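Student: I'd like to learn how to read a ligand site in a model. Can you walk me through one?

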Amino acid sequence: MPAYSTLSQTVQSLTDGEDDVIALMATVACEVHHSDARFDWTGFYRVTGPEMLKIGPYQGGHGCLHIPFSRGVCGAAARTGQTQLVADVDAFPGHIACATSTRSELVIPVRNGAGELIAVFDIDSDQPSAFTEHDAEQLDAILTGVFGRL
Ligand code: SME
């Protein structure tokens, strides 16, 4: 489990004063990815058009480039505006497997200061049931601290 208070302070310090979204996403993806061995793919899918997500900065193996809101765990997070905490991706209808090794997944909607959905934040793990509600809450707070001020 990452030391979320330390991770949050590090992310806030590294991103302080920055308003470029891609630079912010790259920094968050890097710091979160390297904070915990459970995190095997960590990155963003950006809202680029009506009902469409496109890949943003990430860490890990290649990710699929486009995800419509109608597909996958990421699409479900974007469509519903709700965090998706998936203990077993094989049990999630329509899961998109960018890597056959993925067993569990956490996807969190990312909103700007106006409350608009700008992206989803996706973490894959090769471990089953890797994520907890605490992970979701702490990572959501870190994302809000960075993107909620844009
Ligand atoms: N598993 C995601 C797709 C993105 S890859 O995991 C990086 C989904 O089902 O939306």
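Tutor: Let's go from the overall fold to the ligand; keep in mind that this is a predicted model.

Student: Okay, how many helices and strands are in the protein chain?

Tutor: Counting elements comes before looking at their order. Here the protein chain has four helices and six strands, and along the sequence they run α-α-β-β-β-α-β-β-β-α.

Student: What does the radius of gyration say about the protein chain?

Tutor: You compare it with what a compact globule of that length would have. For 150 residues that is near 15 Å, and the protein chain comes in at 14 Å, so the two agree. The C-alpha box is roughly 40 × 35 × 25 Å along the principal axes.

Student: Now the ligand. Which elements each supply at least two residues of the shell around it?

Tutor: Strand 1 (41-49), helix 3 (72-80) and strand 6 (117-125) do. Helix 3 gives the most, with three residues.

Student: And how does the shell split by class?

Tutor: Sort the residues into nonpolar, polar and charged: this shell has seven, two and three, in that order. Trp41, Ile67 and His95 are among the residues surrounding the ligand.

Student: Which polar atoms lie by the ligand's oxygen and nitrogen atoms?

Tutor: Look for N or O pairs within 3.5 Å. A side-chain N or O atom of Asp124 is 2.6 Å from a ligand oxygen, while a backbone N or O atom of Cys74 lies 2.8 Å from a ligand oxygen. Glu105 places a polar side-chain atom 2.9 Å from a ligand nitrogen. As for cover, the protein hides 99% of the 310 Å² of accessible area the ligand has on its own.

Student: Where does the ligand sit?

Tutor: The space the ligand takes is the largest cavity.

Methods: Residues numbered from 1 in each chain as written. Predicted model: local features only at pLDDT ≥ 70, side-chain atom pairs only at ≥ 80, totals over all residues. Heavy atoms only, no water. Near = heavy atom within 4 Å. Polar contact = N/O pair within 3.5 Å; in protein donor to acceptor, adjacent residues only side chain to side chain. Areas by Shrake-Rupley, 256 points an atom, 1.4 Å probe, with all protein chains shown as cover. 1 Å grid on protein atoms, 1.4 Å probe; cavity = no way out; pocket = protein on both sides within 12 Å on 5 of 7 lines; lining within 4 Å. Sits in = over half its atoms within 2 Å of the grid points. Nonpolar A, V, L, I, M, F, W, Y, C, P; charged D, E, K, R; others polar. Rg over C-alpha atoms; globule rule 2.2 N^0.38 Å.
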